[in-house]
Structures are given as C-alpha cells and as structure tokens.
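Student: Could you take me through one part of this model closely, the place where two neighbouring helices pack, and then set it in the context of the whole chain? I would like the cut-offs along the way.

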Amino acid sequence: MVARSKGCALCVQRRVKCDQRQPGCAKCETYGEPCPGYAPRFKFIAGKPYRTQRHRKSGSNQDGSSPDSLAVVQSQPLWQCTNPLYNLSSIASADMNLSQCLCVLIQEISKPFAANSAHVTSRWFGFLPAVYGRSRTLDLTIKSFTAHQIGILTSDSQAALYARHLYIESLHRLRASLGNPRECYSPEVFCAVMLLCLYELFTNAHDADAWMKHAKGLSQLVELRGAARCTTEFDHVLLKAARGLIVMYSLFSGQRCFLALEEWHIVMKQHPNSGLGADLANLVEQFFAYFTSAPGLVHQLYDLKDADFTKPDTVAKAGDLLFQALVMQSKLSKWLANVSAVTPMPGETRSASGDMYYPTVLEYSDESAASIFCGYYSYMIIIHEILRVCGYPGDHTATVVYFRDQICKSVEYNARGLLGPYRMGFPLRVAYEVADPATRAWIEGRLERLSKVYAAFLIIYQWLTRETAAKSIRLGLRVSWAPLNRPQGLRYGTS
C-alpha cells in the first residue's frame, strides 16, 4: 500500500496538479465543482508501481507502432524515457499510458464545455484514440502534442521537453511519409500535419513563421489530395478542422484560397456536423463557403493601398471590389436572419471578472455558436472597411466599432479553456486592426494572458506592441486611408 498524491480527490482523479489551497483548491473552483478535500487516500499495488517495457510482439504494425503502446516508447512510462534526472514525484504520467493521456486531453480540450462538444476541433480530437496505431508518423505527432499538453496541465517541464524531442522525430517521419506515394495522401498524414501546426501554435513563442510553414504545407497537401479524396467521416472532420488554418494562411500569405472553389464547397456541405442539428449545421457550412472569399477581398483591398485613383483601371478595380463587398454583405445579412431563427442570439450579461472596460459581455448558447458569430463579426468588419475605403455611403466607422466591440465582449465566454485562444485568435486580430488606442491596450492585455496557453499570442502581442514591427503583420484593413471620394466612373450598382 502506497500513499497517493496529496492533492484533493478530484484533482487526483483528473490527473492535474492541485494547489492544495485550504479549505478547497482553486482548480475545483475553476471547474465550478465543490472540492472534496484532502483526506488521505491509498491504493494497493502489486510489485512495481509501473509496468516494465514489453518486448515487441511479432503481430505489431510494420512501422513499429502498436495500438497498445504507451505514451513514450511502447509500454514504458513517460518519466522513464525523458532523461535520467527526471523527478519521480512528478504527477505527469508515472503509470499513465497514452490512451489515458488522450482521454484526459480530450476532456481538457472540451472544458469548460461538455465533453461531447460539437465544436469541430473537439470532434477531431475525439477521433485520435481510434486512429492511433495506424501510422508511425501519426503516432509520433499524437504523442508529441499529448505529452506537451499533459506537461502544461501538470506544470511538468520534463514532459514538455520530451514532447519537443518527439516533435523533431515526427518531422523526420513526416518527410519519409510525404515521399511515399502510398502514404502521402492518407488521412493519417493529413492528421499528422494538422497536429504539427497546432503544436507550433500552442508552443512556439519564438519563431513567428513556424506555424505558417506548417499551414503552408497543410494547404498544399489538402489541395493536392483534392476534394475527391474526402470520402469518410474522418476525412470530412479533418477538412472542417483544417479549413480555418487554410483560410488564415491564405489571408496572411497573400496566396489565393483554393477552398473558395465550388468543388470544395460541395464537399464541405457533405457530412454536416450532426451535433449542431441539421439546420444550424447547414448554415455553418454556408457561412464557411462565404468565408473562403474573405482572403480574396482583403488582398484586393490591400492592392488599392498605393493605387492611383486617377487611372481608369484603378477605378475599375475599386468598383469591382465594391460590388463584391456589397453582394457579400447582402448574403451575410440573409444568413444572419436564418441563423437567428434556429439558434439563440447572444445575450448581454454582467462581466463575471469585473472587467471595467467591458462591464457588459456576451453570453452564447455554446462555444460553436460563439465561434461562428465571432467569425461573422470579423467578416462584417472586413466588409465595412471595404465600403468605407471605397467611399460607399453610410456610417461604416460606427458599424466597424460595433462589430469590434462584439468581438471583445465575446472573449470572456469564448476564450475559456485550452481551445479558447485558438477560437478567438483571428477575431481578436481583426478587432485589433480597427481599434482605438484604449481598445488596443485592452486587447493587448488579453493577448498577454491568453499567450500562457496559446504561445502564438505571445508573438502577436510582442509584435503588435512595437509600432514598426506591427506594420509588417497588418491585414491591411485600417491603413490610415481617408475614405475615397466617389471616383469618376465608380458605380455602386450591379452594372
């Protein structure tokens, strides 16, 4: 019989680090559950407190991976393979195998929402236990991402170091997989590239381009795979989880977004998210079909930055952009009316954190609704900035401020949990670009806090707070242009 962790019973059950605060720990308070206390608990064990390494069976996969292998190397506990100086009192994973780690991660990924969350990223992570063991490349990336997140959850720096080692190894395996014609277009490689991109977003606070490199590779891989390869439910969940990163890469790189093609719209409408209900799921797919046009609109807007509006071709380009923006505005207005008929609109409530700048915040029915509404707010900012720059009649500045504030008021609800910063990354980026100095300072404060979970925010925060560097990462939404007077020949109609 050996004594277990000194943490409270609930933290021990969840395998997370307990701060042992009296009379109840802060973790339980965060989860909104009563702390069960610190009564002594024991567990009975026979022999060693961990399983020793098993010899590889002849029936294991050709690439050396086995569905029953543990988080590190086959059945070996995590702390045995990191380094010999590892602190054996670490909570991380002394006797936890990969399946257990994944279960903990999937639960943590969904919090503070339901474990069976319909959010597409949560659904994608729900597939990981089933696909583990299919590919050595995918196995390594799953181990790497899981070890890092478990290390963060348990404040275990050795687990994070080991995750980095696995990450490097997975990159070597990925190169081999991409060079294999039978493997390169498989859903397992697709999933591995997605996880590597997320790993960089969550961990890399030094290289701003690291996630972009993976996002570029992800975009190229999905385009080369083609829409016709999306045949299974796993393929469709992967595509839906990846499309946000693909659109972001297109926006920031200046490259065209291939998802804007009709063949991809048709594929994305297949296998709608059943967890959302049929009507809302179809409207979500409709919005993403519209959203794939956002990079093209932003690129055209940026091209007008230094244009000479005395030239007929510039006027023609501005007129075409204005027409596209007005058409999209009309589509989004109809979309919002349809959405409001099938899901509750966000309601206002007092800030639970006592925020002085935004004392009233927005509350949503769930995180999926919050994410799609924040995407809508971001898109409307882009649309109205185009209308403002092109001199279209209307108080576009006030409209932009309204949608900017809607995004900021959504942070308290939608930025919670491990995936919160990931859900709010793009909307906050757009809001920052059209913010006044006071609102920018507020957003910078939130970025700094969220960077503790989402390392990519630390880079954005550092860059945005340096004026000269900030110029290099702007989307081009607010480029200090005065609204254009209506140029000669620029029409606001359809002709």
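Tutor: Happy to; here is the helix pair, followed by the chain, two loop residues and the cysteines. This is a predicted model, in which local features need pLDDT of at least 70 and side-chain atom pairs count only at pLDDT 80 or more, while totals for chains, interfaces and linings use all residues. Residues are numbered from 1 along each chain as its sequence is written, and side-chain values use heavy atoms, with hydrogens and water left out.

Let's start with the pair. Helix H13 covers residues 294–303 and helix H14 residues 312–342; their axes lie 10 Å apart and the packing angle is about 150°. (Axes are lines fitted to C-alpha atoms, for helices over the stretch in contact, and angles run from 0 to 180 degrees between N-to-C directions.) Because of that angle, H13 is roughly antiparallel to H14, a label for angles over 145 degrees. H13 contributes Leu 297, Gln 300 and Leu 301 to the contact, and H14 contributes Asp 320, Leu 321 and Gln 324; contact means heavy atoms within 4.5 Å. The crossing of H13 past H14 is left-handed, that is, the near helix is turned anticlockwise from the far one by less than a right angle.

Now the whole chain. The protein chain has 20 helices and four strands, taken as DSSP runs numbered from the N terminus (helices H or I, at least four residues; strands E, at least two). Of its 495 residues, 54% count as buried, meaning under 20% relative accessible area, with exposed over 50% and partly exposed in between (1.4 Å probe, protein chains only). Among contacts in the protein chain with a separation of 6 or more, 71% join residues 24 or more positions apart.

Two loop residues deserve a look at their backbone. Gln 20, not a glycine, has a positive phi of about 55°; it sits in the loop between helix H1 (9–14) and helix H2 (26–31) and is partly exposed at 40%. Ser 155 also has a positive phi, near 55°, in the loop between helix H6 (136–153) and helix H7 (157–178), and at 54% relative accessibility Ser 155 is exposed.

Finally, the cysteines. With a disulfide taken as a pair of cysteine sulfur atoms within 2.5 Å, the count is zero. The sulfur of Cys 35 has its closest cysteine sulfur in Cys 8, 3.9 Å away, so the two are too far apart for a bond. Cys 35 is partly exposed at 23% relative accessibility, whereas Cys 184 is buried at 9%.

Definitions and conventions
Parallel < 35°, antiparallel > 145°, perpendicular 65-115°, else oblique.
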